[in-house]
Every structure is written in structure tokens, then in C-alpha cells.
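Trainee: I have a new structure to study today, and I would like to learn how to read it step by step. Could we go through it together?

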Amino acid sequence: MKNTLFDSLDFADINEQIHDNPAEYIRVCDREYRSFIKRVANSIAADDNNKIVMLSGPSGSGKTTTAHFIEKYINDLGKKAVTVSLDNFYLGKDDLPKLPDGRFDFETIYALNIEEMITCLRGLIREGHCNMPEFDFFTGCPKTEKTPLSLPEDGIAIFEGIHALNSLILDELPAKNIFKVYVSVKDGIYDGKNLLLSPREIRLSRRMIRDRNFRNSDVKNTLHMWTGVVMGEEKYLFPFKDTADISINSLHPFETAIYRDQMLEMLATVEPGDENFSVAAEMYVDYMKIAPASRELLPEGSLIHEFVG
């Protein structure tokens with residue numbers, strides 16, 4: 001536990017805040033996260049050598065929203081920043097690597113066009129220009145036409161994706177022009193001295209809710225895929241996370257209260273006999289201890305909107 005009630009990660013203290021003044025508690029926690037990201041953006045913009053920000057993090061870490069926060073705050077300082085998803089560098093379905101069972105392996109870095117990515121990054125660093133690919137998720141292939149991307153002399157491009165810190169990419173680029181960011185949930189929610197919901201379980205909660213709300217994927221499908229997602233992170237992401245120039249904890253202490261009712265509804269659909277029933281049942285018991293809070297209390301633009309809408 002931490003020093004103040006606002007900073008406490010004990011579920012009982014969080015429940016107290018949710019019961020007493022949920023709007024203020026959520027507002028303060030959300031403001032603290034944005035204030036930290038603003039300081040990160042200031043640090044990036046202060047060094048004119050920084051041409052590229054490579055922002056990485058595991059599934060459910062809040063990479064996309066954090067990247068756009070950094071973009072906004074850099075732009076507020078009078079510099080030009082743009083955000084690019086590494087998903088645009090996916091190979092077409094005919095060229096994607098496959099797992100032993102025949103399914104496409106979307107977690108490996110070799111699912112990306114590494115050569116084209118390096119070419120684009122070098123172009124932005126050297127000339128301030130590149131022709132950016134765009135991946136069409138409907139067809140499962142890159143679009144034929146590329147999109148020109150240009151930056152002014154002091155412009156900064158933010159590339160976000162799980163493989164953004166991989167040495168296969170960064171070893172081919174001038175280190176002085178790269179600022180590396182790692183973002184993840186680094187703290188869990190506690191019950192006294194015991195961990196109630198681990199950082200990985202909070203990321204899984206985010207993923208379950210996002211998949212349900214935005215990808216028409218039920219909780220059983222998310223749980224089925226999760227083992228492969230984690231294996232990909234351990235193989236392709238975690239070995240590089242300590243190379244980051246700055247590491248960001250994206251936990252919002254109130255967030256499990258926002259998720260609580262939807263999590264209970266989803267977890268209850270996982271039946272005995274399902275391969276992930278024990279995981280779902282344990283998380284159900286844990287979420288029963290969390291006091292609920294309405295998503296209507298979320299400030300506009302909150303990172304948590306990335307998952308709940």
C-alpha cells in the first residue's frame with residue numbers, strides 16, 4: 001500500500017473512494033496519469049535530436065491512447081507530431097507466418113514487413129518523408145496505394161506497437177534520433193498483503209472488455225487466445241522492455257470499478273468444462289469484491305475509454 005488514500009491500491013480503500021466521491025476520485029487519478037504523460041512529452045520535445053518515438057507495450061497496456069496523448073502534448077508545445085500504428089506493416093495473409101496448428105501467427109515480429117518498416121523510419125529521420133503502407137484488415141492485405149507522410153524539420157513521428165522496441169528494427173537506426181517508451185500495467189489491486197488482481201489480470205480484463213465492445217469477440221474466445229498472446233509477449237517484447245528510455249505505468253486505480261459489472265456478466269458465461277473455467281471463476285470471485293462505478297464518470301478522452309468506449 002502507498003502513503004495516501006488516493007494512491008492506495010488496496011481494494012478496500014478504492015471501494016471507500018468509489019462509495020464516498022467516485023467522480024472526484026476518478027478525475028484525480030485520470031489527471032495524474034495525463035500529467036505524467038505530459039512530462040514525458042515535454043522531455044521528448046526538449047531534445048531536437050528526437051525524430052522518432054518507438055512506443056511499445058503488451059496487449060491491453062493502453063499503447064494507442066498513450067501514444068496519442070504524447071502526440072497531443074508535443075503538438076501543444078508547437079512542434080508537429082504524428083502517430084503511426086505498426087499494424088500498418090503487417091504482411092499480407094499469403095505471406096504471414098503460421099503456427100504448428102496452421103493458424104496465422106500474428107504475435108511474431110516476422111508477421112511484419114521489417115524491411116519496409118526500417119525504410120520508412122530511415123526516410124523520416126534522414127529526409128523527413130516516407131511512403132507509409134496501410135493494412136486493410138477487411139481483406140487481410142496491405143492496400144496497393146501508399147500514403148505520403150512528411151514531417152517538418154523539428155517534427156516527431158510516434159510509432160506504436162508491440163514490436164516497437166525490437167532490436168531487429170532499432171539496431172538499423174541511429175540511436176541518437178530514437179526515444180524509446182515502454183507502457184504497461186505495472187501494479188495490481190491488493191487485498192491486504194495479498195494480490196487480488198495481478199497486472200496481467202487487469203490487462204486481460206481490458207482485453208476482454210475491448211474485444212466484447214469493439215471486436216464482437218466473446219470472453220471465451222479472448223481467454224482461448226490469451227495464452228498465445230502472452231507467449232508472444234514473453235518471446236518478442238519482454239526481452240526488450242528494459243531498453244526503454246522511460247517506462248510508464250498505465251494502471252488507473254479506479255478502473256476495475258468501471259469494469260466490474262461487465263466483467264461479472266462476461267465471466268459468468270464461461271461454463272464448467274471450458275478449458276479456462278478455473279481462470280474465469282477465480283476472476284469472478286475477485287471482481288465480486290470490487291465496488292462498481294459508472295462509466296459515465298470517466299473524463300472525456302480518458303485512457304479507459306480505449307477499452308470501454
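Mentor: Gladly! Let us start with a term: a residue is buried under 20% relative accessible area, exposed over 50%, and partly exposed in between. Keep in mind that this is a predicted model.

Trainee: Thanks! Is Glu134 buried, exposed or partly exposed?

Mentor: Look at its relative accessibility, which is 32%. Buried would need a value under 20%, and exposed one over 50%. Glu134 therefore counts as partly exposed.

Trainee: Which residue forms a salt bridge with Glu134?

Mentor: Side chains of opposite charge can pair when their charged atoms come close. Here the closest N and O atoms are 3.2 Å apart. The partner has a relative accessible area of 39%, so it is partly exposed. The residue you want is Lys143.

Trainee: How far apart are Asp30 and Arg34, counted in helical turns?

Mentor: The side chains of these two residues meet in a salt bridge, with 2.7 Å from N to O. Asp30 is buried, and Arg34 is buried too. Because they sit four residues apart in helix H2, the separation of Asp30 and Arg34 is about one helical turn.

Trainee: Which residues are linked with Asp211 in a network of salt bridges?

Mentor: Begin with one pair: Asp211 and Arg207 form a salt bridge, and their closest N and O atoms are 3.2 Å apart. Both of these residues are buried. They are four residues apart in helix H6 (residues 199-214), so about one helical turn separates them. Add one further residue to complete the network, and the residues linked with Asp211 are Arg207 and Arg215.

Trainee: How many salt bridges does the structure hold?

Mentor: We have met several of them, including the one between Asp30 and Arg34 and the one between Lys143 and Glu134. Counted over the structure, the total is 17.

Trainee: Now the sheet, please. Which strands are at its edges?

Mentor: Strands of a sheet pair through backbone hydrogen bonds, either parallel or antiparallel. This open sheet has five strands with parallel pairing, in the order E2-E7-E1-E8-E11. An edge strand pairs on one side only, and here the edge strands are E2 (81-85) and E11 (246-249).

Trainee: Which residue in E7 stands opposite Val53?

Mentor: Strand E1 (residues 52-56) and strand E7 (residues 156-160) run parallel and are joined by four bridges. Within E7, the residue opposite Val53 is Ile158.

Trainee: At about what angle to E1 does helix H4 run?

Mentor: Helix H4 covers residues 114-126 and lies across E1, E7 and strand E8 (178-184). Its angle to E1 is about 145°.

Trainee: Which helix gives the largest share of the largest nonpolar core?

Mentor: That core has 60 residues, and among those with the most contacts inside it are Ile70, Phe254 and Met263. Eight of its residues make up the largest share, and they come from helix H2 (residues 22-46).

Trainee: How many residues are in the second core?

Mentor: This core is separate, and Leu112, Leu121, Cys130 and Leu173 are included in it. Its number of residues is 38.

Trainee: One last thing: which side chain makes a polar contact with the side chain of Asp13?

Mentor: Asp13 lies in helix H1 (residues 11-20). With a relative accessible area of 15%, Asp13 is buried. Its side chain makes a polar contact at 2.7 Å, and the partner is the side chain of Ser8.

Methods
Residues numbered from 1 in each chain as written. Predicted model: local features only at pLDDT ≥ 70, side-chain atom pairs only at ≥ 80, totals over all residues. Heavy atoms only, no water. Core = buried A, V, L, I, M, F, W, Y, C linked by side-chain atoms within 4.5 Å. Buried < 20%, exposed > 50% of the residue type's maximum accessible area, 1.4 Å probe, protein only. Helix = DSSP H or I, 4+ residues; strand = E, 2+ residues; numbered from the N terminus. Salt bridge = Lys/Arg side-chain N within 4 Å of Asp/Glu carboxyl O. Pairing = 2+ DSSP bridges. Contact = heavy atoms within 4.5 Å. Axes fitted to C-alpha atoms, helices over the stretch in contact; angles between N-to-C directions. Polar contact = N/O pair within 3.5 Å; in protein donor to acceptor, adjacent residues only side chain to side chain.
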